[in-house]
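Biologist: Please take a close look at one part of this model for me: the place where the two chains meet. Go through the contact itself, then what lies around it.

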Amino acid sequence: MSSAIVWLHGDSLSPTDPALLANPAAPAIFVFDEPFLAAAQLSFKRLFFLYECALEAIAGRTGSIRRGVVVEEVRAFAAEQQATAVHVTASVAPRFRQYVAELRAAGLQVVMHEPPAFVTWRGEPPRRFSAFWRRVAAEALRPTGTGPVLPAEHEVE
Amino acid sequence: MAATWPVLPQLVVYSKETLNDEPTMQLRTDVTTRAEQVAYLAGALDGLYAGPAIPSPIRGGRRAALRRLRAFDARGYARTRNDVAKRGVSVLSPYLRHGVLTLAEVRDSILSRFGHTPDTEKFVNELAWRAFWQLVYAQLGDRIQHDLEPAKHRSRAPRRQLPPEVAAASTGLVCIDESLRELYTTGYMHNHARMWVAAYLQHWLGVDWREGAELFYRHLLDGDPASNSLSWQWVGSTFSHKPYIFNRHNVERFSDGAFCARCPLAAGGCPFDDSYENLAQRLFGVSLAELEGRR
Ligand SMILES: Cc1cc2nc3c(=O)[nH]c(=O)nc-3n(C[C@H](O)[C@H](O)[C@H](O)COP(=O)(O)OP(=O)(O)OC[C@H]3O[C@@H](n4cnc5c(N)ncnc54)[C@H](O)[C@@H]3O)c2cc1C
């Protein structure tokens, strides 16, 4: 039994997803968005890539991968797990914001986690990359650590 | 492409705790080999994809992402990144797009392993393109699917829909067909090839950028509303100050001559075989200086 679940989506589909890391024991769900995918008709390659990512992301915890209407499936999973809070990592996609609003309207508490920033930026971006780069180059080129631990050389596919 | 995926049994598990009466489809998470997973998912997601149920050679997941990151040698990147034959690029885009790796951790890893050099600075500059498109998307949302600015110049090619030869990778132009074939079979295309194909479709064929963007989006493992649609607009000049064009010399130089060596049109009839000055006149009816906004 738990009070929170983690909702994973296609913009943050990793075992290092910030919402997952903040909730090491919480059950997690990923939903193949049926209405969206039925209309978009993406290639199988993309969906299989997502499936492989999702499998690794939920490994080692109670996890569920589903196909359906995202908000309904997340609500159903929360109810099954007797959770009232949904933890999720923020995305800039309009569809994501809409789903968050629908989950809140359905009475769930949605806790948003921010993905680690590449550079800090406030306000509107300029219209051209060159103007953006001039303003962020120094920060972008300043490492914040040494990056993830990489697998050993002999560890190949 | 031919839709020849095998018919597989649907493996549906019904869950009783759903809020409504609709059956929930839970996907299995215990299928072990990749081949079995492919066969399983082909049935489980039936109706939600187009084309054959063949996976990309590029594997999903964090482990594969870290292997790819380790394998990428940033030395020489600035010199080889534009070369579609030499492939000095990382192929990390599918992982970055889906948050399996973050821009920050890739930057940190590359700078700590290869130091600050012109190569690593160029690489970080490319990472920043993704960050930039994401900021534009955060600001504008679905408006990025419409022209953000008036086109600076419009191609004189009559407007037409995406021709079937493009969907079949059989335009007869080896540089274009090979790039499309790679997209359709692996879900990846080199950045320079994306620029060629996007320019060819818009400026030579007169296809609306949205149709091209949709084609790319359906196939790219890294297909991203922001990076994809805004790059198409960048090529078309509705989000840049001039349309991007290329010529045969550029293709030969950045493909080791390999495409043209095999192309039946190399001896005559290549639509790209011209100077930039002539292409500006032919495609847009203006001088190169006007096309580039210098006059
Ligand atoms: C018409 C067109 C459509 C495109 N559609 C997409 C898309 O849907 N998704 C996508 O991620 N990229 C897109 N790009 C940008 C670019 O082509 C790819 O990011 C790049 O080819 C990915 O290969 P790589 O990882 O080997 O790149 P590398 O050269 O190794 O670059 C490292 C990373 O930097 C980022 N990056 C590099 N160049 C760009 C760029 N121009 N714009 C945005 N990010 C960049 C990517 O995340 C990439 O993984 C598009 C470009 C064009 C011209």
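Modeller: What follows starts at the contact between the chains and then moves outward. One caution comes at the start: this is a predicted model.

The overall extent first. Chain B brings 90 residues to the contact, and chain A brings 73 residues. Together the two chains bury about 7100 Å². Of that area, 61% is on carbon and sulfur atoms. Three residues stand out on the chain B side. L48(B), R70(B) and H98(B) supply 11% of the area that chain B buries against chain A, more than any other three residues.

Now the polar side of the contact. Between chain B and chain A there are 34 residue pairs in polar contact, counting pairs with both residues at pLDDT 80 or more. On the chain B side, helix α6 gives the most, with 15 residues. That helix covers residues 118-140. Sorted by class, the side of chain B that touches chain A holds 43 nonpolar, 28 polar and 19 charged residues.

Salt bridges come next. Side chains of opposite charge can pair when their charged atoms come close. The rule finds 5 salt bridges across the interface of chain B and chain A. The total over all chains is 32 salt bridges. E56(A) lies in helix α3 of chain A and R63(B) in helix α2 (residues 62-71) of chain B, so a pair of these two joins two chains. Their side chains do meet in a salt bridge, at 3.9 Å from N to O. The two partners sit in unlike surroundings. E56(A) counts as buried because its relative accessibility is 17%, under the 20% limit. R63(B) counts as exposed because its relative accessibility is 52%, over the 50% limit.

The contact also has a nonpolar side. The largest nonpolar core has 102 residues. W7(A), F32(A) and L27(B) are the residues with the most contacts inside this core. Helix α3 of chain A, residues 44-58, gives the core its largest share, 11 residues. L27(B) shows how the chains come together here. Leaving aside neighbours within four places in sequence, L27(B) is in contact with F32(A), Y51(A), I65(A) and R66(A) from chain A. From chain B, L27(B) is in contact with Y40(B), L41(B), A44(B) and L45(B).

R66(A), one of those contacts of L27(B), has a charged partner of its own. The side chains of R66(A) and E73(A) meet in a salt bridge, 3.3 Å from N to O. Both ends are buried. R66(A) counts as buried because its relative accessibility is 0%. E73(A) is buried because its relative accessible area is 6%.

Next, chain A as a whole. Chain A has 6 helices and 6 strands. From the N terminus on, they run β-α-β-α-β-α-β-α-β-α-β-α. The C-alpha trace of chain A spans about 50 × 45 × 35 Å along its principal axes. Of the 157 residues in chain A, 54% are buried. Take contacts in chain A between residues at least 6 apart in sequence: 64% of these join residues at least 24 apart. A19(A) gives a local view. A19(A) sits in helix α1 of chain A, residues 18-22. A19(A) is buried, with a relative accessible area of 0%. Not counting residues up to four places away in sequence, A19(A) touches V6(A), H87(A), V88(A), T89(A) and H113(A).

Last, some sites in chain B. S255(B) is in the loop between α12 (248-253) and α13 (258-261) of chain B. S255(B) is buried, with a relative accessible area of 1%. A polar atom of the S255(B) side chain lies 2.5 Å from the backbone oxygen of V251(B). Leaving aside neighbours within four places in sequence, S255(B) is in contact with D83(B), V84(B) and A85(B).

One more salt bridge in chain B deserves a look. E292(B) pairs with R294(B), and the closest N and O atoms are 2.8 Å apart. E292(B) is partly exposed, with a relative accessible area of 27%. R294(B) is exposed, with a relative accessible area of 56%. Salt bridges that share partners also join D147(B), R154(B), R159(B), D208(B) and R210(B) into one network.

Note on methods
Residues are numbered from 1 along each chain as its sequence is written. Chains are lettered from A and ligands numbered from 1 in the order in which they are written. This is a predicted model: local features need pLDDT of at least 70, side-chain atom pairs count only at pLDDT 80 or more; totals for chains, interfaces and linings use all residues. Side-chain values use heavy atoms; hydrogens and water are left out. A nonpolar core is a set of buried Ala, Val, Leu, Ile, Met, Phe, Trp, Tyr and Cys residues joined through side-chain atoms within 4.5 Å. Buried means under 20% relative accessible area, exposed over 50%, partly exposed in between (1.4 Å probe, protein chains only). Helices (H or I, at least four residues) and strands (E, at least two) are DSSP runs, numbered from the N terminus. Contact means heavy atoms within 4.5 Å. A polar contact is a pair of N or O atoms within 3.5 Å; within protein, one must be able to donate a hydrogen and the other to accept it, and residues adjacent in sequence count only if both atoms are side-chain atoms. Buried area is the accessible area (1.4 Å probe) that two parts lose on being put together, summed over both. A salt bridge is a side-chain nitrogen of Lys or Arg within 4 Å of a carboxyl oxygen of Asp or Glu. Ala, Val, Leu, Ile, Met, Phe, Trp, Tyr, Cys and Pro count as nonpolar, Asp, Glu, Lys and Arg as charged, and the others, Gly among them, as polar.
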